[in-house]
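Work through the exercises below with the sequence and the 3D structure in view. Each task is followed by a solution in steps.

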Amino acid sequence: MGSYQESVTLIYEALEPFLQPGLVLSEDSALVSDLGLSSLQVMELVAEVEDRLDITVPLNVLPDVRSIRQFAELLTRLTGDAT
């Protein structure tokens, strides 16, 4: 895929349909508590990212992914780019 920053950009794009107007994203934004995503919306977000990257995100690691930063770090590891 690319770098950590490309992962962040991809997540921002995939989050757009779920966000309330005027909500400002940062890498430290928590998917549930800050952005108000339901568990179903989190799964839809993961599915969207999986489709775009043609990867599978292991479900057992999702409980540890709370923020955009953590999700981007996970995607960077899964796509094999440690930069």
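Buried means under 20% relative accessible area, exposed means over 50%, and partly exposed lies in between (1.4 Å probe, protein chains only). The areas come from the Shrake-Rupley method with a 1.4 Å probe, and for residues only the protein chains shown count as cover. This is a predicted model, in which local features need pLDDT of at least 70, side-chain atom pairs count only at pLDDT 80 or more, and totals for chains, interfaces and linings use all residues. Residues are numbered from 1 along each chain as its sequence is written, and side-chain values use heavy atoms, with hydrogens and water left out.

**Exercise 1. Describe the protein chain as a whole.**

Step 1. List the secondary structure. Helices (H or I, at least four residues) and strands (E, at least two) are DSSP runs, numbered from the N terminus. The protein chain has 3 helices and 0 strands, and its elements run α-α-α from the N terminus on.

Step 2. Judge the compactness. The radius of gyration is taken over C-alpha atoms, and the globule rule is 2.2 Å times the number of residues to the power 0.38. For the protein chain the radius of gyration is 12 Å, close to the 12 Å that the rule gives for 83 residues, so the chain is as compact as a globular protein of that length. The C-alpha trace spans about 35 × 25 × 20 Å along its principal axes.

Step 3. Look at burial and surface. Of the 83 residues, 40% count as buried. The protein chain exposes about 4,800 Å², and carbon and sulfur atoms supply 52% of it.

Step 4. Look at the contacts, where contact means heavy atoms within 4.5 Å. Among contacts between residues at least 6 apart in sequence, 54% join residues at least 24 apart.

**Exercise 2. Find the buried side of helix α1 and what covers it.**

Step 1. Check the length. Helix α1 covers residues 4-15, which is 12 residues, and reaches 17 Å from its first C-alpha to its last, close to the 16 Å expected at 1.5 Å a residue. The expected span is 1.5 Å times one less than the number of residues.

Step 2. List the buried residues of α1: Tyr4, Ser7, Val8, Leu10, Ile11, Ala14 and Leu15. They cover an arc of only 165 degrees around the axis, which puts them on the same side of α1. The arc is that of the directions from the helix axis to the C-beta atoms.

Step 3. Name the cover. The buried residues of α1 are covered by elements that include α2 and α3.

**Exercise 3. Place Thr76 in its helix: is Thr76 buried or exposed?**

Step 1. Thr76 sits in helix α3, residues 68-78. Its relative accessibility is 6%, so Thr76 counts as buried.

Step 2. The buried residues of α3 are Ile68, Phe71, Ala72, Leu74, Leu75 and Thr76. They pack against α1 and α2.

Step 3. A polar contact is a pair of N or O atoms within 3.5 Å; within protein, one must be able to donate a hydrogen and the other to accept it, and residues adjacent in sequence count only if both atoms are side-chain atoms. The side chains of Thr76 and Ser7 make a polar contact of 3.4 Å.

Step 4. After α3 comes Gly80, with a positive phi near 85 degrees.

**Exercise 4. Compare residues in the loop between α2 and α3.**

Step 1. Asp54 belongs to the loop between α2 (39-53) and α3. Its relative accessible area is 72%, so Asp54 is exposed.

Step 2. Most residues other than glycine have a negative phi. Asp54 has a positive phi, near 55 degrees.

Step 3. Thr56 is in the loop between α2 and α3 and is exposed, at a relative accessible area of 64%. Not counting residues up to four places away in sequence, Thr56 touches Glu50 and Leu78.

Step 4. Ser67 also lies in this loop, but Ser67 counts as buried at 11% relative accessibility. Leaving aside neighbours within four places in sequence, Ser67 is in contact with Glu27, Asp28, Ser29, Ala30 and Leu31.

**Exercise 5. What does Glu50 touch?**

Step 1. Glu50 lies in helix α2 and is buried, with a relative accessible area of 18%.

Step 2. Apart from neighbours within four places in sequence, Glu50 is in contact with Ile55, Thr56 and Val57.

Step 3. A polar atom of the Glu50 side chain lies 2.6 Å from the backbone nitrogen of Val57.
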